[in-house]
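Reader: I am new to this one. Could you walk me through it with a few questions and answers?

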Amino acid sequence: MSRRDELAEGLAATRSRLDAACRAAGRDRTEVALLPVTKFFPASDIALLQELGCTDFGENREQEAAAKAAELTGARLHMLGHIQRNKAKSVARWAAMVHSLDSIRLAGALERSTEAALEAGVRAAPLDVLIQISLDGDPARGGVTRADLAALVETVAQSPSLRLRGVMGVPPLEADPERAFTELAELWTDVRRDHPDADVFSAGMSGDLELAVKLGSTCVRVGTAILGRRPLTSLP
Ligand SMILES: *Cc1c(COP(=O)(O)O)cnc(C)c1O
């Protein structure tokens, strides 16, 4: 089977899972975006997925994503992974959206870098930002704790170059995922009360997208189910 056929098959299977999940949850299919996660896979896979109708892609390593952005035209890349502050400048050049903002210091770095990129004409629009929430406070997995969420929300909301678009979350390893998605959805509802434009709840991956859709996700981030098992080493 050609790589194009493999990807078409993975995409079709994932789209029907998503259709069924929306039907089961009584939600309109247009409420939930499918974001293919292409980390560890070559830019040529993104190009094939573009031919198959995808426009947006998730990446989680800065260098790998920057290289792909330079190679591709028209692909909107989303940063899902941890961002070191010294990489903010590069991220502001290639990212359409960041799902993993988790500190006020990083918000400041992204704000300054986005302003510079706008001034230099490297980007045309403010940077869409999701705040990554950590339910267990495990710093290794990233995310802001519940206690620090409100201050970070206000920092982003007041930024001229960042646009608060919502929240992102991953259930903690040991947690009951149903309960975790429910808590994340509640925190998102709190954020949206003051910021109605924060309309994105990024939750759910290959293994748990049905549950995430049931509990309110508006963006599922799916790698393995579309692209297959990831190679062990990162590209390039
Ligand atoms: C890799 C990754 C995904 C995709 O995971 P799969 O289980 O392969 O679907 C989703 N979200 C984030 C933040 C990731 O890093």
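## Around the ligand

Reader: A polar side-chain atom of which residue lies 2.5 Å from an oxygen atom of the ligand?

Author: Happy to help, and please keep in mind that this model is predicted. The residues surrounding the ligand include Met 205, Ser 206 and Arg 221. The one whose polar side-chain atom is 2.5 Å from a ligand oxygen is Ser 206.

Reader: How much of the ligand does the protein bury?

Author: On its own, the ligand exposes 390 Å². Of that area, the protein buries 86%.

Reader: Which side chain has an N or O atom 2.9 Å from a nitrogen atom of the ligand?

Author: The shell around the ligand has three charged residues. Among the surrounding residues are Lys 39, Arg 221 and Arg 230. Lys 39 has a side-chain N or O atom 2.6 Å from a ligand oxygen. For the ligand nitrogen, the side chain at 2.9 Å is that of Arg 221.

Reader: Which feature does UniProt place at residues 31-231?

Author: That span is 41% helix and 20% strand, with its end C-alpha atoms 32 Å apart. The unreviewed UniProt entry gives it as "domain: Alanine racemase N-terminal".

Note on methods. Residues numbered from 1 in each chain as written. Predicted model: local features only at pLDDT ≥ 70, side-chain atom pairs only at ≥ 80, totals over all residues. Heavy atoms only, no water. Near = heavy atom within 4 Å. Polar contact = N/O pair within 3.5 Å; in protein donor to acceptor, adjacent residues only side chain to side chain. Areas by Shrake-Rupley, 256 points an atom, 1.4 Å probe, with all protein chains shown as cover. Nonpolar A, V, L, I, M, F, W, Y, C, P; charged D, E, K, R; others polar. UniProt positions renumbered as here; feature names shortened; annotations may be inferred. Helix = DSSP H or I, 4+ residues; strand = E, 2+ residues; numbered from the N terminus.
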